Structures are given as structure tokens and as C-alpha cells.
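User: I should like to learn how to read the main features of a protein model. Could you take me through them step by step?

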Amino acid sequence: MVDIDISYEGDLHCVAVHGPSGATLASDAPVDNHGKGESFSPTDLVATALGTCMLTVMGIRSKKEGWAIEGAKVHVRKGMTTTGPRRIARLEVKLTFPGIAPKDARAREILEQTANTCPVRLSLLEAIEVPIEFVWT
């Protein structure tokens, strides 16, 4: 288990401290929800967690297989509901591998499966649409 301590600083701003490393992360409410949008919103952090998790598990698998994916990028576009309770409705993911990923179709299939089954993706409710695009250039 990992401990994360979070302090409310006021004015819809929080600071989180990662127990094992001491690294800090700030959050702020978005402009469209009473905040200043000066940092990641809590729902932005969910989108960030998804993208970084996908790249991380792909990196683990690539390292094990001897594949190089350094320079891979992920773009996540978060969409919120427009009615009803405010929540994440959609996380569109685009992973791009600019000439660095394995050329072998089987290796690419393995990496795509790895990304699609990262812990954050598996933790998201089915109510959140998560279309994923892989661009192998």
C-alpha cells in the first residue's frame, strides 16, 4: 500500500504528497467548476493517470522483450458530462510511436493489449467511454 497525504490549501486548491518519495502535486478546480484552472483538476489527474499508466506498463513489457519505445507519446482528451451529475464521460486516448516501436505485428499486438489492460484502464467504470487509437509511424 502507498500513502498519499493531501492538504486543502483553500480557494479550491490542494497539495498532495507522495509518501514513498515526498514528491508533491498540486490540484485546482477547473474554470468551468468555480476554480482558477491553475493546475490539474482532480478529473485531469484521472486522465493523466490513464495515459501514464499505459505508457508505463508498455515500457515494462518493452524492457522485458528488448523493444525500444522511448519517445512514445500519449494524448488524452477528457470529456465531462454536460447534464446530470458532473463526472468524466469520455477519455479519448491516442498513443503515438514515431518510428521507434517494434515493426513486428505480433509485438505491436502485445503492446496494444498491454496498454488496454493497464491497472488504471481496468479500474475505470464502464460508464466512461475510452476509445484508444494506436499510431505506429
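Analyst: The discussion below moves from the core to the cysteines, the surface and the salt bridges. Please bear in mind that this is a predicted model.

User: Let us begin with the interior. Which residues have the most contacts inside the largest nonpolar core?

Analyst: A nonpolar core is a set of buried residues joined through side-chain atoms within 4.5 Å. Here the largest such core has 21 residues, and those with the most contacts inside it are L50, M54, M58, L91, L95, F97 and F134. At least two core residues come from each of α1 (42-65), β5 (88-97), α2 (105-116) and β6 (132-136). Helix α1 gives the most, with six residues.

User: What does M54 touch, leaving aside residues up to four places away in sequence?

Analyst: With those neighbours set aside, M54 touches V93, L95, A115, C118 and I132.

User: How should I classify G51: is it buried or exposed?

Analyst: The class follows from relative accessible area, and buried means under 20%. G51 has a relative accessibility of 3%, so it counts as buried. This glycine lies in helix α1. Not counting residues up to four places away in sequence, G51 touches V74 and V76. As for spacing, G51 and D5 are 46 residues apart along the chain, and their C-alpha atoms are separated by 23 Å.

User: How many disulfides does a search of the whole structure find?

Analyst: A disulfide requires two cysteine sulfur atoms within 2.5 Å. The search of the whole structure finds zero disulfides. C118 illustrates the point: the nearest cysteine sulfur, that of C53, is 3.3 Å away, and C118 is in no disulfide. C118 is buried, because its relative accessible area is 1%.

User: Turning to the surface, which residues make a nonpolar patch?

Analyst: A patch of this kind is built from nonpolar side chains with over 30% relative accessible area. In this model V2, I4 and I6 make a nonpolar surface patch of about 310 Å². I6 has its place in strand β1 (residues 4-10). With a relative accessible area of 59%, I6 is exposed.

User: How many salt bridges does a search of the whole structure find, and how should I read them?

Analyst: Side chains of opposite charge can pair when their charged atoms come close. The search of the whole structure finds seven salt bridges. In one of them, D11 pairs with K36, and the closest N and O atoms are 2.7 Å apart. D11 lies in the loop between β1 and β2 (13-18), while K36 lies in the loop between β3 (24-28) and α1, so the pair ties together parts that are 25 residues apart in sequence. K36 counts as partly exposed, at 48% relative accessibility.

User: Where do D44 and K78 lie?

Analyst: The side chains of D44 and K78 meet in a salt bridge, at 2.6 Å from N to O. D44 is in helix α1 and K78 in strand β4 (residues 73-80), so this pair ties together parts that are 34 residues apart in sequence. D44 is partly exposed, with a relative accessible area of 24%, and K78 is partly exposed as well, at 23%.

User: In which helix do R106 and E109 lie?

Analyst: Both lie in helix α2, three residues apart, about one turn of the helix. Their side chains meet in a salt bridge of 2.8 Å, N to O. E109 is partly exposed, with a relative accessible area of 46%. Elsewhere, salt bridges that share partners join R90, E92 and E129 into one network.

Note on methods. Residues numbered from 1 in each chain as written. Predicted model: local features only at pLDDT ≥ 70, side-chain atom pairs only at ≥ 80, totals over all residues. Heavy atoms only, no water. Buried < 20%, exposed > 50% of the residue type's maximum accessible area, 1.4 Å probe, protein only. Helix = DSSP H or I, 4+ residues; strand = E, 2+ residues; numbered from the N terminus. Contact = heavy atoms within 4.5 Å. Patch = residues over 30% accessible without salt bridge, like charges linked within 9 Å, V, L, I, M, F, W, Y side chains within 5 Å. Areas by Shrake-Rupley, 256 points an atom, 1.4 Å probe, with all protein chains shown as cover. Salt bridge = Lys/Arg side-chain N within 4 Å of Asp/Glu carboxyl O.
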